[in-house]
4 protein chains.
Amino acid sequence: MFHIELTVRDYECDQQGIVNNAVYLNYLQYARHEFGHSVGMDWLELTARGINLVLRRAELDYIRPLRSGDRVKITAQPSRKGLFRLYFKQSILLLPEENPVLEALITAACVMDGKPAAPKDIDAWFGPAR
Amino acid sequence: MFHIELTVRDYECDQQGIVNNAVYLNYLQYARHEFGHSVGMDWLELTARGINLVLRRAELDYIRPLRSGDRVKITAQPSRKGLFRLYFKQSILLLPEENPVLEALITAACVMDGKPAAPKDIDAWFGPAR
Amino acid sequence: MFHIELTVRDYECDQQGIVNNAVYLNYLQYARHEFGHSVGMDWLELTARGINLVLRRAELDYIRPLRSGDRVKITAQPSRKGLFRLYFKQSILLLPEENPVLEALITAACVMDGKPAAPKDIDAWFGPAR
Amino acid sequence: MFHIELTVRDYECDQQGIVNNAVYLNYLQYARHEFGHSVGMDWLELTARGINLVLRRAELDYIRPLRSGDRVKITAQPSRKGLFRLYFKQSILLLPEENPVLEALITAACVMDGKPAAPKDIDAWFGPAR
């Protein structure tokens with residue numbers, strides 16, 4: 001499964017000394033972004049063509065906190081439903097034991113000039129519509 | 001219903017010129033924090049007593065984007081379920097028409113020294129357990 | 001002198017319970033941005049014309065820390081030197097006494113298509129070159 | 001010279017598609033933090049003893065912009081002046097050519113219970129006072 005690894009930086013922690021809950025969404029977005037690169041998506045070229053992947057819904061389960069210096073693995077497993085809906089099942093796992101930190105289900109939609117769209121590229125990146 | 005108002009700042013927008021999806025969690029947290037103040041919660045004093053409100057789950061529906069300068073209203077409506085679970089139903093509404101921007105359901109737990117707890121203060125702030 | 005006011009949000013504080021040093025640059029940028037609006041600058045229109053105000057240098061003196069809930073006044077006093085250089089003298093002051101929190105000198109340059117430029121608008125916004 | 005390396009993340013870029021000016025201060029802080037670790041500083045233990053390294057002044061020269069995916073090297077070269085003042089000369093360099101992105105001079109002070117202090121550890125980490 002596609003994943004990235006990163007180390008928690010001290011400035012990402014809040015007054016409780018743990019990673020702020022909003023920072024996890026940045027981590028997840030970063031992993032999706034890198035997934036896109038890995039399958040050949042060119043974000044700037046897409047934007048230039050008027051195509052955007054828009055976040056519709058995020059479900060986040062916070063399981064254990066992260067602290068400065070923790071090393072994590074962040075997965076991004078894409079799937080489709082119907083013509084326009086894209087899903088990412090994502091996990092954040094604490095290394096080296098891969099203990100679960102956060103589980104997420106992210107729903108996105110492909111939009112061209114503000115309207116739902118299903119450009120051919122989507123099939124290449126996410127597999128055919130089901 | 002408890003709410004705060006704020007204006008979107010330019011540095012909260014990302015490469016697409018819209019508020020980054022993680023920033024909404026900051027907005028929601030800020031509204032919950034201010035709700036706490038409004039009912040007399042003293043966060044520092046709670047932390048000193050070893051009491052923390054820990055985020056367990058966030059469900060976020062992104063409805064329309066925000067741009068720099070937009071003025072929004074952010075609500076926070078608390079409720080309880082069982083002895084330990086606290087919920088916040090929250091909305092972000094674009095002013096002046098109050099068009100929905102984001103709907104959220106936030107689940108938190110009250111934890112004392114790492115274990116579920118239900119100090120008396122919780123009854124005062126969130127109403128009695130149901 | 002041009003200024004804005006804002007309240008420190010809890011998520012802007014770091015592990016020491018004080019506003020993170022990088023957040024001050026966001027505050028200062030926000031005040032400059034609002035100054036621009038106040039003299040009629042249209043940032044999107046400028047970008048569309050290929051004009052950017054680029055940060056060249058920041059000098060920041062940190063005088064006293066800020067905490068969640070503190071209310072501050074942020075000033076932005078522009079000046080010019082030569083044809084291309086723009087300066088902002090900025091202060092962050094703790095309300096209501098206006099005790100100094102941070103003093104800054106920000107140097108920017110007006111750039112059009114990557115080269116130094118001095119479009120007429122600059123005279124209107126910052127006064128004539130000296 | 002002590003340095004760390006990191007890759008610019010997409011969410012660190014602003015509406016102009018370049019790394020926001022405040023993010024550089026986070027990068028620099030992260031490098032100083034890691035420098036501390038490398039010489040045996042235990043930040044939590046220091047805080048518990050009432051010792052803090054407080055930022056007093058930052059001078060930042062912005063030389064060239066960074067974009068999502070850029071890989072950078074961030075240096076941190078400490079020095080002392082007098083008993084209480086600590087300096088960090090820092091650079092951000094674009095890899096692989098090490099083209100300069102930002103030059104910084106950071107001034108900090110060691111403070112114990114709110115007053116200037118020079119605990120013995122400082123000699124070990126930064127060299128003797130000069």
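**Strand E5 and the contacts between chains**

Strand E4 of chain A, residues 77-81, pairs with E5(A) in the antiparallel sense, and five bridges join the two strands. I begin with this pair, and I should say at once that what we are looking at is a predicted model.

Let me stay with E4(A) and E5(A). One of the bridges links Lys81(A) to its partner in E5(A), Arg85(A). The two strands form a hairpin, with three residues between them. In that turn, Gly82(A) has a positive phi of about 70°.

E5(A) has other partners. Strand E3 of chain A, residues 71-75, also pairs with E5(A); the sense is antiparallel, and there are three bridges. If you wish to locate this pairing on the screen, please find Lys73(A), which stands opposite Leu93(A) in E5(A).

Then there is strand E6 of chain A, which covers residues 99-112. E5(A) and E6(A) are again antiparallel, and here the pairing runs over 10 bridges. Among these, Lys89(A) has Leu105(A) in E6(A) as its bridge partner. E5(A) and E6(A) also make a hairpin, with four residues between the strands. Glu98(A) takes a positive phi in this hairpin, near 60°.

Is E5(A) largely enclosed, or largely open? Seven of its 10 residues, which run from 85 to 94, are buried, so the strand is largely enclosed by the rest of the structure. The cut-off behind that statement is that a residue counts as buried if 20 or more other C-beta atoms lie within 10 Å of its own. For chain A as a whole, 35% of the 130 residues count as buried.

Let me now place these strands in the whole chain. Chain A contains three helices and seven strands. Along the sequence, the order is β-α-α-β-β-β-β-β-β-α. The C-alpha trace of chain A spans about 45 × 25 × 25 Å along its principal axes. Considering the contacts in chain A with a separation of 6 or more, 67% are between residues 24 or more positions apart.

I turn next to chains A and B. A turn of 180°, with a shift of 0.0 Å along the axis, lays chain B on chain A with an RMSD of 0.0 Å. The residue of chain B that comes closest to the rotation axis is Glu59(B), whose C-alpha is at 2.3 Å. Both copies use the same surface, as 100% of the contact residues of chain B recur in chain A.

What does the contact between these two chains consist of? In it, 16 residues of chain B meet 16 residues of chain A. On the side of chain B that touches chain A, helix H1, residues 21-38, and strand E2, residues 51-62, each supply at least two residues. E2(B) gives the most, with nine residues. By class, that side of chain B has seven nonpolar, five polar and four charged residues.

The strand part of this contact is a pairing across the chains. Strand E2 of chain A, residues 51-62, pairs with E2(B) in the antiparallel sense, over five bridges. Within it, Ala58(A) stands opposite Leu60(B).

The helices meet as well. H1(A), residues 23-38, packs against H1(B) at an angle of about 170°, and the axes are 8 Å apart. Angles over 145 degrees count as roughly antiparallel, and H1(A) and H1(B) are therefore roughly antiparallel to each other. From H1(A), the residues involved are Val23(A), Leu25(A), Asn26(A) and Gln29(A). They meet Asn21(B), Ala22(B) and Leu25(B) in H1(B). The residues of this helix contact divide into four nonpolar, three polar and no charged.

Finally, I come to chains B and C. Chain C can be laid on chain B by a turn of 180° and a shift of 0.0 Å along the axis, with an RMSD of 0.0 Å. The two copies are thus related as by a two-fold rotation axis. In chain C, the C-alpha nearest this axis belongs to Leu6(C), at 4.9 Å. Chain C and chain B meet through the same surface, because 100% of the interface residues of chain C are also interface residues in chain B.

How many residues does each of these two chains bring to the contact? Seven residues come from chain C and seven from chain B. On the side of chain C that touches chain B, two are nonpolar, three polar and two charged.

Thank you for your attention.

Conventions. Residues are numbered from 1 along each chain as its sequence is written. Chains are lettered from A and ligands numbered from 1 in the order in which they are written. This is a predicted model: local features need pLDDT of at least 70, side-chain atom pairs count only at pLDDT 80 or more; totals for chains, interfaces and linings use all residues. A residue is buried if 20 or more other C-beta atoms lie within 10 Å of its own, exposed if 12 or fewer, and partly exposed in between; C-beta atoms are placed from the backbone. Two strands pair if DSSP finds at least two bridges between them. Copies are superposed by least squares on the C-alpha atoms of residues with pLDDT of at least 70 in both. Ala, Val, Leu, Ile, Met, Phe, Trp, Tyr, Cys and Pro count as nonpolar, Asp, Glu, Lys and Arg as charged, and the others, Gly among them, as polar. Axes are lines fitted to C-alpha atoms, for helices over the stretch in contact, and angles run from 0 to 180 degrees between N-to-C directions. Angles under 35 degrees count as roughly parallel, over 145 as roughly antiparallel, 65 to 115 as roughly perpendicular and the rest as oblique.
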